[in-house]
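Reader: I am new to this structure. Please pick one small part and take me through it closely, then show me how the rest is built around it.

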Amino acid sequence: MSESFNFSTKLIKEAGPIDPHTGAANVPIYLSSTFHQFDFDQYGKYDYTRSGNPTREALEQAISALEGGVQGFAFASGMAAISTAFLLLSEGDHVVISEDVYGGTFRVVTQVLGRLGISHTFVDTTDLERVKAAIQPNTRVIYIETPSNPTLKVTDIGAIAAIAKSHGCLTFVDNTFMTRCSAAA
Ligand SMILES: Cc1ncc(COP(=O)(O)O)c(C=O)c1O
């Protein structure tokens, strides 16, 4: 969608598809956990809500479009999303992470990831030189929280992503306190 539309217009236009069965302008809320399979050995698009649900899918697509992304994934809580993202890592991997992250994230990193053989280094990610210095050969992720909770330090997302890419790392951003959308609203 054209960037020339303001956020409110995009929000309406990206709110989801018109329901093909009823013409409902808003996406119906599908509460079903299981979806009927019409063939024995060929599953339809949806089979079980945990793996796919039309209502959640509409939300994921709307968020992705509003953020200018390629794919959205919705979770029931922030820590569910953060924990799932960390599960992309394997034993022996290393994470460079903002030193003042949210308490729940701090506990996952210090009390859970270590047990799985995933190490970390906390740094002030507003200081790009310190971030570069903390990167190790096995660093797979630079994790930033911006603005951070609770000290509201602001890290340059683009600069961190560039550093991460140049080292073959992923960038994880917890942008809870100020999404791109709220900044543009
Ligand atoms: C910056 C930040 N990240 C993650 C979370 C965790 O979110 P949730 O409570 O939805 O798991 C919070 C909660 O306050 C937060 O402030």
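Author: Start with Leu152. Leu152 is exposed, because only 11 other C-beta atoms lie within 10 Å of its own. The scale works like this: 20 or more other C-beta atoms within 10 Å make a residue buried, 12 or fewer make it exposed, and anything in between is partly exposed, with C-beta atoms placed from the backbone. Leu152 is not a glycine, yet its phi is positive, at about 55°. Most residues other than glycine have a negative phi, and most peptide bonds are trans.

Two notes on the model itself. Numbering starts from 1 along each chain as its sequence is written. The model is predicted, so local features need pLDDT of at least 70 and side-chain atom pairs count only at pLDDT 80 or more, while totals for chains, interfaces and linings use all residues.

Where is Leu152? Leu152 sits in the loop between β3 and α6. Helices (H or I, at least four residues) and strands (E, at least two) are DSSP runs, numbered from the N terminus. Lys153 is also in the loop between β3 and α6. Lys153 counts as partly exposed, because 18 C-beta neighbours lie inside 10 Å. Leave aside its neighbours within four places in sequence, and Lys153 is in contact with Asp100, Thr126, Pro147 and Ser148. Contact means that the C-beta atoms of two residues, placed from the backbone, lie within 7 Å. Lys153 and Val101 are 52 residues apart along the chain, and their C-alpha atoms are separated by 10.0 Å.

The loop has cis peptide bonds too. Pro147 belongs to the loop between β3 and α6. Thr146 and Pro147 are joined by a cis peptide bond, with omega about -15°. Pro150 also has its place in the loop between β3 and α6. A cis peptide bond joins Asn149 to Pro150, and there omega is about 15°.

Asn149 leads to the ligand. Around the ligand stand Ser77, Gly78, Met79, Tyr102, Gly104, Glu145, Asn149, Asp174 and Thr176. A residue counts as near a molecule if its C-beta atom, placed from the backbone, lies within 6 Å of it. This shell has 2 nonpolar, 5 polar and 2 charged residues. Here Ala, Val, Leu, Ile, Met, Phe, Trp, Tyr, Cys and Pro count as nonpolar, Asp, Glu, Lys and Arg as charged, and the others, Gly among them, as polar.

Two residues of that shell also face each other in the sheet. Glu145 stands opposite Asp174 in β4. Ile144 stands opposite Val173 in β4. Strand β3 covers residues 139–145 and runs parallel to β4, joined to β4 by 5 bridges. Two strands pair if DSSP finds at least two bridges between them. β3 is mostly covered, with 6 of its 7 residues buried.

Now move to β1. Strand β1 covers residues 94–98, and 4 bridges join β1 to β3, again in parallel. His94 has Thr139 as its bridge partner in β3. All of β1 is buried, 5 of the 5 residues, so the strand is largely enclosed by the rest of the structure. β1 also runs parallel to β2, with 5 bridges between them. Ile97 stands opposite Phe122 in β2.

Put the strands together. The 4 strands form an open sheet with parallel pairing, in the order β2-β1-β3-β4. At the edges are β2 (119–123) and β4 (170–174), each paired on one side only. From one strand to the next, the twist averages 20°. Helix α6, residues 157–166, packs on the sheet and touches β3 and β4; its direction makes about 155° with that of β4. For such angles, axes are lines fitted to C-alpha atoms, for helices over the stretch in contact, and the angles run from 0 to 180 degrees between N-to-C directions.

Finally, step back to the whole chain. The chain has 7 helices and 4 strands. From the N terminus on, the elements run α-α-α-β-α-β-α-β-α-β-α. Domain 1 takes in 1–19 + 31–74, and domain 2 takes in 78–183. Those bounds come from an automatic or database domain assignment. The domain centres, taken over C-alpha atoms, are 27 Å apart. Along its principal axes, the C-alpha trace spans about 55 × 45 × 30 Å. Of the 185 residues in the chain, 18% are buried.
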